[in-house]
Amino acid sequence: MLRNEQRLRVGGCAVPRCLPDPYNGRITLRFYEELNDHLTSERRKVPFAYRFCDGRTVAELLRELGVPCDAVELVLANGESVDFTYSVRDGDRISVYPVFESLTCRPCYGCVCTRCVIPAS
C-alpha cells in the first residue's frame with residue numbers, strides 16, 4: 001500500500017515519490033460497557049475497523065485508543081482469551097471487556113484474564 005505522495009527534486013523538476021503505508025494491518029475491535037466512555041461516539045458499542053502497524057500488542061493498541069489497561073479485565077482475540085502482550089495480526093477480531101464485579105473462571109475455558117491465568121485442562 002502506498003500513501004502520501006511527496007515531490008522529490010530531480011534536475012530541477014518535481015517528481016512524485018511515494019512513501020510506504022506504515023499501517024499494514026486491519027483488525028475489528030469491540031469494547032463493552034464502561035470502556036466505551038474512553039472512545040469517540042462513532043466507536044461506542046459497535047464493532048469498528050482499526051488500522052495498525054505490525055508488531056503492535058494489545059496494550060499498545062489500548063493506549064493508542066485512550067483506554068487504560070487497568071480498566072480491562074478480559075481480552076478475546078478471535079474468541080480466545082489473550083493477555084496484553086498478544087501481538088495483534090491482520091484480520092483479528094478483538095473484544096475488550098471491563099473489570100467484572102463478579103466473574104467465575106473455570107479451568108475448562110483456559111481463561112487468561114488480567115487477574116489470573118488458569119491453564120486449559
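In what order do the strands of the open sheet run, and what is the sense of their pairing? In this predicted model, the open sheet has 5 strands in the order β4-β3-β7-β5-β6, and the pairing is mixed. At the edges stand β4 and β6, each with a single partner strand, so one side of each has no neighbour in the sheet. On average, neighbouring strands of this sheet are turned by 35 degrees against each other, direction ignored.

Stepping back to the whole chain, there are 7 strands and 1 helix. Read from the N terminus, the elements come as β-β-β-β-α-β-β-β. The chain has 121 residues, and 32% of them count as buried. Its accessible surface comes to about 7,800 Å², with 50% of that belonging to carbon and sulfur atoms. As for how the sequence folds back on itself, take the contacts between residues at least 6 apart in sequence: 50% of these join residues at least 24 apart.

Back in the sheet, β3 (25–31) is a good strand to follow. On one side it pairs with β4, antiparallel, through 5 bridges. One of the facing pairs here puts Gly25 opposite Phe52 in β4. With β7, by contrast, β3 pairs in the parallel sense, over 4 bridges. Two pairs can be picked out along that parallel seam: Thr28 has Arg93 of β7 as its bridge partner, and Leu29 has Ile94. Of the 7 residues of β3, 5 are buried, so the strand is largely enclosed by the rest of the structure. As a reminder when looking along any such strand, side chains in a regular strand alternate between the two faces of the sheet.

Then there is the helix. α1 covers residues 58–65 and packs on the sheet, where it touches β3, β4, β5 and β7; its direction makes about 110 degrees with that of β4. Which residues of α1 are buried? They are Val58, Ala59, Leu61, Leu62 and Leu65. Looking down the helix axis, these buried residues fall within an arc of 160 degrees, so they line one face of α1. The cover over them includes β3, β4 (48–52), β5 (72–77) and β7. Just after the helix comes Gly66, with a positive phi near 85 degrees.

Leu65 gives a closer look at that packing. Why does Leu65 count as buried? Its relative accessibility is 11%, and the cut-off for buried is under 20%. Setting aside neighbours within four places in sequence, Leu65 is in contact with Leu29, Phe31, His38, Leu39, Arg43, Phe48 and Tyr50. Leu29, then, turns up twice: as a contact of Leu65 and as the bridge partner of Ile94 in β7. Leu65 also lies 9.1 Å from Thr40, C-alpha to C-alpha, although the two are 25 residues apart in sequence.

The helix takes part in a salt bridge as well. How many salt bridges does the count come to? The count is 1, and it joins the side chains of Arg56 and Glu64, at 2.4 Å from N to O. Both ends are partly exposed: Arg56 has a relative accessible area of 26%, while Glu64 has a relative accessibility of 38%.

Arg56 leads on to Tyr86, one of its contacts. Where does Tyr86 lie? It sits in the loop between β6 (80–82) and β7 (93–98). Is Tyr86 buried or exposed, going by its relative accessibility? At 15%, Tyr86 counts as buried, despite its place in a loop. Not counting residues up to four places away in sequence, Tyr86 touches Arg56, Thr57, Val58, Ala77, Asn78, Asp92 and Ile94. Among these, Val58 is one of the buried residues of α1, and Ile94 is the residue of β7 that bridges to Leu29. Tyr86 and Val75 are 11 residues apart in sequence, with 9.6 Å between their C-alpha atoms.

Conventions:
Residues numbered from 1 in each chain as written. Predicted model: local features only at pLDDT ≥ 70, side-chain atom pairs only at ≥ 80, totals over all residues. Heavy atoms only, no water. Buried < 20%, exposed > 50% of the residue type's maximum accessible area, 1.4 Å probe, protein only. Contact = heavy atoms within 4.5 Å. Areas by Shrake-Rupley, 256 points an atom, 1.4 Å probe, with all protein chains shown as cover. Salt bridge = Lys/Arg side-chain N within 4 Å of Asp/Glu carboxyl O. Arc of directions from axis to C-beta. Pairing = 2+ DSSP bridges. Axes fitted to C-alpha atoms, helices over the stretch in contact; angles between N-to-C directions.
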